[in-house]
Each structure stands twice: as structure tokens, then as C-alpha cells.
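Biologist: Could you take me through one part of this model in detail, the place where two helices pack together, and then set it against the rest of the chain? Please spell out the cut-offs as you go.

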Amino acid sequence: MLDKIYYGNSLENWGISAVIIVGAFILTAIIKLIINKIFKKITAKSKTGFNHILIEALEKPLFMGILLFAIWIAAMRLEMSVKLHDMIVKSYEMLDVLVITWFFARLFSFLLNYSAQNYDSGDKNRFSLDPKLLPVTKRSVLIIVWLLGILTALSNAGIELTTLLGTLGIGGIAFALAAQDTIKNIFGGITIFTDRTFRIGDTIKISGAEGTVVDIGLRSTRIQTYDRQIATIPNYKLTDALIINVSTEPARRVVTELGLTYDTSAEKMQEAIDILKYIPEKISEINGQDITAVFTNFGDSALTVTYIYFINPGAGIYETRSKVNFEILKAFNRAGLNFAFPSRTLYIAGNREDLGK
């Protein structure tokens, strides 16, 4: 019965090939058990963490590689046509390269995650990565790794890349012309990443708009404005625009001009300036060392006092300005300092007798 032929091979040969494949599944289960019970416990104690990352990255691709190798061995011992044989060999070579690519993609992904964890833990060395840059960095690295892997797999399968690119030459030119903006956006995203102009979570001002960066992609950057709308800006426009990163400012500068009535005496003007200089003692959100309070101008309807102060990083800008304005209003009212409003005095020349006619 074992000698009976099915599709060019005896039942015995089919059975041996099946046993090889089943044995591969059993072998992967044993290796998985060893890795979980022994190697992961050992590598978890490693100070660098690289050994643990290597095991994590290698585990699944290794199992897939063992299964593919077993299937290839099981297939190669069977009698088959030359065409089918060549197809299986090329398929195996392609899949083999893709499994290796999978391993490197997992390895780089785990390394980037580990680098971001080091940043959070305060270990900011040259290998640490800001978690805010992690999504765009990982996305870029994985695209490059998989692109190289797929091209290598196609080359191993006997597909001439030069011929393929030549065949796609005219179409590629047309595609490149149609995708100019996309290509510019990709390079713009790379520029934003390398220059670190801003990061996810930063508040930026651009072209009159201001908001918080919620995502940096290869094609565009998304900003949430203060009215909670999402603005999507192509990356190539960001590379050419004037960007102010509010989050990196050491402090936010605020200039306020106060107008006092013209009947304010010099002593009262000095009192107003002294009140302004002591406001940081009552409001902790502003910097007390960079205060400017000066009598700057004789305006059309007021004596102008210019007050310049800086809001500390992390403090709410609008909330702090409101606190300062309330404090100024209360302090000036207590001191009897009157705010001026636009007014005009009209003097008419001539005799009173003439005016009465």
C-alpha cells in the first residue's frame, strides 16, 4: 500500500514529507518553550537590554524560518516537474529574504522603542530618542527596511530590477511628475525630523495660525488649533515657512500699555511704576527678574506707562495675563490712579460778544 503512487510519488514519500513538516511544528514548540523558560529569564537580567531585544525580535521570524525550511526540504525530496521545482525554489528564496527582512524590521522597531524608554527614564545619551519623534522615526525606518527587503527578494527570484525599472521607465516618469508634491512632502518630513524644528506636543505658530502638533507624518503634519480644529499642513510648506516654536521659548513676553489721565502727578506716576514692579511678588507665574515698567509717552489723551513682563514656561498664557490685569486694576484703584479714555478738549478763539451773536 505504501508503494502506491499518487501524483508521481509513493504514499511513503508523501508520508515522510508530512512527518518532516509536523516535526518542524513540534521543533518550534520546543524552541519556544526553551526561549520562554530559559533565555528570556536570562536576558531580562541584562543591564543593556540588547540581548532581550534580540531574542524578542528573532523569536517569530525564527519559527517561520524553520517552518519554511521544513516545507522546502519536504517538497524537494518529492518527484515533480522542472517547472514546478523551479517555482518552489524561487518562492522559497523570496520568502526566505522576506523572513530575514521581518527580523530586521522587528529588531529596529524594538530598538527604537527601547531608545524612547531610555529617554523617558532620564538616560539621555546619544542613543536615546525623544518619544515624540518615535512614530515618524519608526515609520520611516520600517519603510526603508521593507523596501530593501522586497527589492532583494525580487532579485533573488530572478527578476531583473534594471529590466523592471526600464519597463516602468515611461510610467515612472509620468508617476514622478504626478507625485512631485508627495515627494517634496516626504523630504520635508525628513527635514523636520532631522532639524527637530518641532516635535509632537509642541505649540507652534505658522502663517498666522497657532496650535499644538498632534502628528508628524511623511506627507503632512497635523496641528490642533485653539478652537480644537485639526489643520493638516503639507510638510514641504513647513520647510519654507517661518515657524515659531512657542514651547521652546524660555518665557512668553507680554507688552501692556497703560494710559493714565493727564491730571496724574509725577509722584503718582512713580507710584504706578512701583506698583507694576512689585506685581511678580503676588503672581508666581511671571518672572520677577525681567520686569520693565517705564513712563514712555505723552499721548493724545493719556500719559502712557509701558509694562513688559515674561510668563514662566508651563504657565497658562491667557490665565496669567488675566491675573496680571486684575492685579493692576485693583492696585491702581486702591492708589487712586485713574485710567484715561479717549477725549478731546476744544478751544475756541474769539470775543464773547461775537459768540453771542
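Modeller: Happy to; I will begin with the helix pair, move to the core around it, and end with a few single residues.

A word on conventions: this is a predicted model, in which local features need pLDDT of at least 70 and side-chain atom pairs count only at pLDDT 80 or more, while totals for chains, interfaces and linings use all residues. Residues are numbered from 1 along each chain as its sequence is written, and side-chain values use heavy atoms, with hydrogens and water left out.

The protein chain has 11 helices and 10 strands (DSSP runs numbered from the N terminus, H or I of at least four residues for helices and E of at least two for strands). Two packed helices are described by the angle between their axes and the distance between the axes. For helix α9 (residues 266-277) and helix α10 (residues 317-335), the angle is about 150 degrees and the axes are 11 Å apart. Here the axes are lines fitted to C-alpha atoms, for helices over the stretch in contact, and angles run from 0 to 180 degrees between N-to-C directions. The crossing of α9 past α10 is right-handed (the near helix is turned clockwise from the far one by less than a right angle; anticlockwise would be left-handed).

On the α9 side, K268, E271, A272, I275 and L276 take part, meeting I328, A331, F332 and A335 of α10; contact means heavy atoms within 4.5 Å. Seven residues of this contact are nonpolar, two are charged and none is polar. In that count Ala, Val, Leu, Ile, Met, Phe, Trp, Tyr, Cys and Pro are nonpolar, Asp, Glu, Lys and Arg are charged, and the others, Gly among them, are polar.

The helix pair also feeds the largest nonpolar core, which has 24 residues; L276, Y307, Y309, I328 and F332 touch the most other members. Such a core is a set of buried Ala, Val, Leu, Ile, Met, Phe, Trp, Tyr and Cys residues joined through side-chain atoms within 4.5 Å. Buried means under 20% relative accessible area, exposed over 50%, and partly exposed in between, with a 1.4 Å probe and protein chains only. Two or more core residues come from each of β8 (252-260), α9, β10 (303-311) and α10. I328 itself, leaving aside neighbours within four places in sequence, is in contact with L258, L276, I279, Y307 and F339. A second, separate core holds 10 residues, including I216, I223, I233 and L238.

Across the whole protein chain, 31% of the 357 residues are buried. Of the contacts between residues at least 6 apart in sequence, 61% join residues at least 24 apart.

Now for some single residues elsewhere. Helix α1 (residues 11-43) contains T28, which is buried at a relative accessible area of 9% and, beyond neighbours within four places, is in contact with F63, I66 and L67. K40 lies in α1 too and counts as buried because its relative accessibility is 18%. Not counting residues up to four places away, K40 touches I35, H52, I55, E56 and E59; its C-alpha is 7.3 Å from that of I55, 15 residues apart in sequence.

R228, by contrast, is exposed, with a relative accessible area of 67%. R228 sits in the loop between β5 (220-225) and β6 (230-234) and has a positive phi of about 65 degrees although it is not a glycine.
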